[in-house]
Every structure is written in C-alpha cells, then in structure tokens.
Amino acid sequence: VCLATCIFGTSLLGISGYSAKVDYVESEKPELSYLEMLGELKNWDELDATERLDTLADVHYYEAERLGINGVTLRVGYPAGESEYGAYNPITNDITVNRTLLEQGDVLELIDTVIHETRHVYQRLLADAYTDVEEELDEKYKRLSVFVKARAFRDNAQSYTDAKLDGLGYYYQPLETDAREYASQRIKSTYEKVLDNTYYFE
C-alpha cells in the first residue's frame with residue numbers, strides 16, 4: 001500500500017485537511033553552490049520575501065539531494081490554514097510551507113520545517129520500496145534496521161494519527177518522531193553553526 005493517502009504536516013494547532021493557497025512555486029536547480037547557499041542564510045534578515053523563497057528553495061534542493069530525492073516542488077502558502085508550519089502532499093508530490101513563517105518567522109524554524117517535510121518524502125519512498133520487494137525478501141533480511149524502519153513507516157501511514165484527535169499520539173508516532181529527530185540533527189550539525197559563525201567552510 002502506498003503512502004499517498006496521508007498528508008504529513010508540521011502542526012501548530014493540528015491538521016484539518018489540505019487546501020493550500022499557493023503564493024509561490026520554486027523547484028529549479030540552484031544557481032548557488034551548497035556552500036554559497038549556506039553563506040546566504042547569514043543575510044536572511046536583509047532578504048525580501050522573494051529572495052527568502054529562493055534561498056529556502058536552495059535549502060530544500062540540497063536537503064532533498066542529500067536524501068536521494070528529486071522532483072518534489074516547494075510551495076509557499078497555507079497548508080491547512082494559517083496555523084500550520086508546513087505539509088507534504090504525496091498525491092501532488094509537493095511541500096508547502098507557511099507564507100507567514102517565510103515572511104516573519106525565525107529562519108531556523110523555517111529550515112526545520114522544510115527538512116521535516118522533506119524527510120516525509122524520504123519515508124514514503126522507503127516504505128513504497130520495501131512494499132515492492134517485501135514478498136521476495138528472506139526473513140533474515142527483514143530484520144535489518146532499514147527494513148524495520150521502512151515497515152514502521154508504512155504501517156504508521158496506514159493508521160496515521162491526526163494531531164487534532166490525539167496530540168500525543170500524533171507527536172510520538174514513527175513518521176513524526178523520525179522526521180522531527182532528523183530535522184533537529186541537521187539543524188544542529190549545520191544550520192545553527194552557520195548562523196552563529198562556528199561552521200567550518202571547506
């Protein structure tokens with residue numbers, strides 16, 4: 001079963017459906033290199049909304065590339081109303097981040113949202129890949145951690161917990177726990193260091 005029946009969100013007040021009002025679309029390969037993009041983040045407060053979108057799109061591109069993902073569109077609008085940071089829609093294969101967060105929010109919170117939602121794309125692809133080969137896998141291979149994780153993602157997607165119905169259940173389910181932990185690790189290992197001038201640019 002594909003995960004395309006679920007909408008994954010980074011919720012402030014919960015998920016209430018997907019009805020994004022799209023203001024911008026950006027999915028092209030960056031003109032800036034990865035290191036140039038990181039340097040541009042240090043000027044975030046001086047960037048206008050369009051420049052911020054361009055920079056955020058670069059972050060999205062490089063973070064997706066890191067996970068082996070391509071072809072996912074980044075949009076800015078309102079994923080499920082103004083109360084939600086962002087959402088990934090597997091049906092349309094796009095990520096929407098909150099427009100207000102882009103224009104007024106903290107840059108690390110915004111990057112965290114993009115990485116979190118990009119991780120959901122990875123989860124879907126991993127779960128789908130596992131489902132495609134599950135019947136052919138020997139039982140000894142099914143115990144490998146990567147397949148255990150893929151199976152957990154797939155099973156969770158089939159019984160995804162809505163934040164509005166069960167806040168704790170939403171927070172601690174495998175899909176959200178993994179996306180949250182992965183985004184946090186990326187923020188701490190790279191983006192916080194860039195912004196506080198402790199990142200080593202090779």
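These legends accompany views of a predicted model.

**View 1. The whole chain, with its helices and strands.** Let's start with the overall layout: the protein chain has eight helices and five strands. Following the sequence, you will meet them in the order β-β-α-α-β-β-β-α-α-α-α-α-α. Among contacts in the protein chain with a separation of 6 or more, 66% link residues 24 or more positions apart.

**View 2. Buried residues and exposed area of the chain.** The protein chain has 202 residues, and 45% of them count as buried. On the outside, the protein chain exposes about 10,300 Å². Carbon and sulfur atoms supply 48% of that exposed area.

**View 3. A nonpolar surface patch made by Tyr141, Leu144 and Val146.** Here the three residues form a patch of about 260 Å². Tyr141 belongs to helix α5, which covers residues 139–142. With a relative accessible area of 40%, Tyr141 counts as partly exposed, because that value lies between the 20% limit for buried and the 50% limit for exposed.

**View 4. Helix α6, residues 145–158.** How far apart are the end C-alpha atoms of helix α6? They are 20 Å apart, and this agrees with the 20 Å that its 14 residues should span at 1.5 Å a residue. The buried residues of α6 include Ala150, Phe153, Arg154, Asn156 and Ala157. These five cover an arc of only 165° around the axis, so they sit on the same side of α6.

How values were computed:
Residues numbered from 1 in each chain as written. Predicted model: local features only at pLDDT ≥ 70, side-chain atom pairs only at ≥ 80, totals over all residues. Heavy atoms only, no water. Patch = residues over 30% accessible without salt bridge, like charges linked within 9 Å, V, L, I, M, F, W, Y side chains within 5 Å. Areas by Shrake-Rupley, 256 points an atom, 1.4 Å probe, with all protein chains shown as cover. Salt bridge = Lys/Arg side-chain N within 4 Å of Asp/Glu carboxyl O. Helix = DSSP H or I, 4+ residues; strand = E, 2+ residues; numbered from the N terminus. Buried < 20%, exposed > 50% of the residue type's maximum accessible area, 1.4 Å probe, protein only. Expected span 1.5 Å × (residues − 1). Arc of directions from axis to C-beta. Contact = heavy atoms within 4.5 Å.
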